[in-house]
Amino acid sequence: MLEQCPTLADCEKALARAVQDVVLLGDLPLTDDDLERLTRLIRVYKQPFQLLRNAPTCLVCLLVFVGRTSYEEGAYWHGVEAHLGPLDGNRQRQLGRFFRRYVRMRGLLLPQVEGGYAYVTPILVHAGIPQHCLPEFFSKVVAPLVTRAGVIAPSEVAVQLNVWRSQAEERARLQQRLDEQIEPQSLLDVEKPIVRYLIYGGSSAERLLTKAVGLFGRCLESGAIDEQLLADLPPYVGRAFRQWWQTPATRTSLHEDSPRDRFRTPAIQLDATAQRVELLLPSQAYTVQEGLPSLLVMDAATARTLVQLPLRSRRRGAQVETEPLTLELETPAEEYQIRLQVDDQTLRQWTLPTRAGALPCRLFAGPRRQLLRDPPPPEP
């Protein structure tokens, strides 16, 4: 982006144009070479505080870059001093006010973070997730969304993000009502910069989380990194993801969290209103395989097929989850054999006895009117 910008003035023109197309300054498509060029030009500037007037966009980009690369909790300004020289409290406040003013004038996002620092926190939200927090972001936010919650589609990511943001808003309202600081018990059990970015980073945070979830889900399916999806992430995030994915500890953790097949036993019940006997097939979950799931119902005694039909399902990360099904059993049998299949492969089989041949009628009991598999005890 800045490869054709030999001077700071040239960088300023290029960056000022690009800022019109972003919401957060951290979304600017700056490469490592761009950032190295920018920091070098700023470092040799003889009067760095004249940057506020002569190269304001370059300066705010530097402040954001430091928040991304050098920030550790409570130690932001030390990283800025490496580029601008010593900064006392007045200078720090001057830079903080300048950043807020620049963001407002450009119509960029200026987050109001409850309990945050007036000057440093908006810079950090614009920076995105700090580099040192990215492994935690992948392992404690992205991976659990896919492997535990089954979130993979962009719409599902948006729903989950809205849940977290609503919880944060409710906490902020409660804090104001009580007029005291509430311990931020874990919306997400991760470092504050990650939470701040996800909660207050608007559409930029949603896009990053969606892309990271999509990439991770694809990696789980194939066992390898999808280079095209990786390239769609910001370069510093993509590099961190590659390193994280290839770390042996990550593989161990993913193996422990890997989704497990979950098969639930069907049941037979009486629908008294419709006067019919029904098969209830709960939702089933199994690891991704080729082919579509189907249900096969047979008479166990004769092996005659009574019902065969496809099951509606959806993919949730590394699992396929079928929708629950209620099916009328029109043909009586002493035992039904129920099979969950993918193409011709049987994933799970159940045998449900009805004892229809041993009883004059089928017996159902309980609020759900489920079939009694054994005859009731004789009355005394």
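Student: How many helices and strands does the protein chain have?

Tutor: This is a predicted model. The protein chain has 14 helices and 12 strands.

Student: What share of the 380 residues counts as buried?

Tutor: The share is 46% of the protein chain. The chain exposes about 20200 Å². Carbon and sulfur atoms supply 48% of that area.

Student: Among contacts between residues at least 6 apart in sequence, what percentage join residues at least 24 apart?

Tutor: For the protein chain, that figure is 61%.

Student: Now the interior. Which residues touch the most other members of the largest nonpolar core?

Tutor: Five names to find: Leu 28, Leu 38, Tyr 76, Val 80 and Leu 95. The core itself counts 46 residues. Helices H1 (8–18), H2 (32–43), H3 (51–54), H4 (56–69), H5 (77–84), H6 (89–105) and H7 (120–127) each give two or more residues to this core. H4 contributes the largest share, nine residues.

Student: Which residues does Tyr 76 touch, leaving out those up to four places away in sequence?

Tutor: Tyr 76 touches Leu 63, Val 66, Gly 67 and Tyr 71. It also touches Val 120, Ile 123 and Leu 124.

Student: What residues does the second, separate core include?

Tutor: That core has 39 residues. Among them are Val 146, Leu 161, Ala 168 and Ala 205.

Student: On to strands. How do strands of a sheet pair?

Tutor: Strands of a sheet pair through backbone hydrogen bonds, either parallel or antiparallel. Take a case here. Strands E1 (residues 267–271) and E2 pair in the antiparallel sense, over five bridges. One residue pair to locate is Leu 270 with its bridge partner in E2, Val 277.

Student: How many residues lie between E1 and E2 in their hairpin?

Tutor: Four residues lie between them. Look at Gln 275 in the turn: its phi is positive, about 55°.

Student: Which strand pairs with E2 over four bridges?

Tutor: Strand E8 (residues 325–328) does, in the antiparallel sense. Here Leu 281 has Leu 325 of E8 as its bridge partner.

Student: Is strand E2 mostly covered or mostly open?

Tutor: E2 (residues 276–281) is mostly covered. Five of its six residues are buried.

Student: What is the strand order in the open sheet of four strands?

Tutor: Read it as E5-E4-E9-E10, with antiparallel pairing. The edge strands are E5 (304–310) and E10 (345–353), each pairing on one side only. From one strand to the next, the twist averages 20°.

Student: Over how many bridges do E4 and E5 pair?

Tutor: Six bridges join E4 (residues 293–299) to E5, in the antiparallel sense. One to check is Leu 295, whose bridge partner in E5 is Leu 309.

Student: Last feature, the cysteines. What is a disulfide?

Tutor: A disulfide is a covalent bond between the sulfur atoms of two cysteines. This structure holds zero disulfides.

Student: Why does Cys 5 form no bond with Cys 11?

Tutor: Distance. The sulfur of Cys 5 is 4.8 Å from the one in Cys 11, its closest cysteine sulfur, so the two are too far apart for a bond. The cut-off for a disulfide is 2.5 Å between the sulfur atoms.

Student: Are Cys 5 and Cys 219 buried or exposed?

Tutor: Cys 5 counts as buried, because its relative accessibility is 7%. The cut-off for buried is under 20%. Cys 219 is buried too, with a relative accessible area of 0%.

How values were computed. Residues are numbered from 1 along each chain as its sequence is written. This is a predicted model: local features need pLDDT of at least 70, side-chain atom pairs count only at pLDDT 80 or more; totals for chains, interfaces and linings use all residues. Side-chain values use heavy atoms; hydrogens and water are left out. Buried means under 20% relative accessible area, exposed over 50%, partly exposed in between (1.4 Å probe, protein chains only). Two strands pair if DSSP finds at least two bridges between them. A nonpolar core is a set of buried Ala, Val, Leu, Ile, Met, Phe, Trp, Tyr and Cys residues joined through side-chain atoms within 4.5 Å. Contact means heavy atoms within 4.5 Å. Accessible areas come from the Shrake-Rupley method with a 1.4 Å probe; for residues, only the protein chains shown count as cover. Axes are lines fitted to C-alpha atoms, for helices over the stretch in contact, and angles run from 0 to 180 degrees between N-to-C directions.
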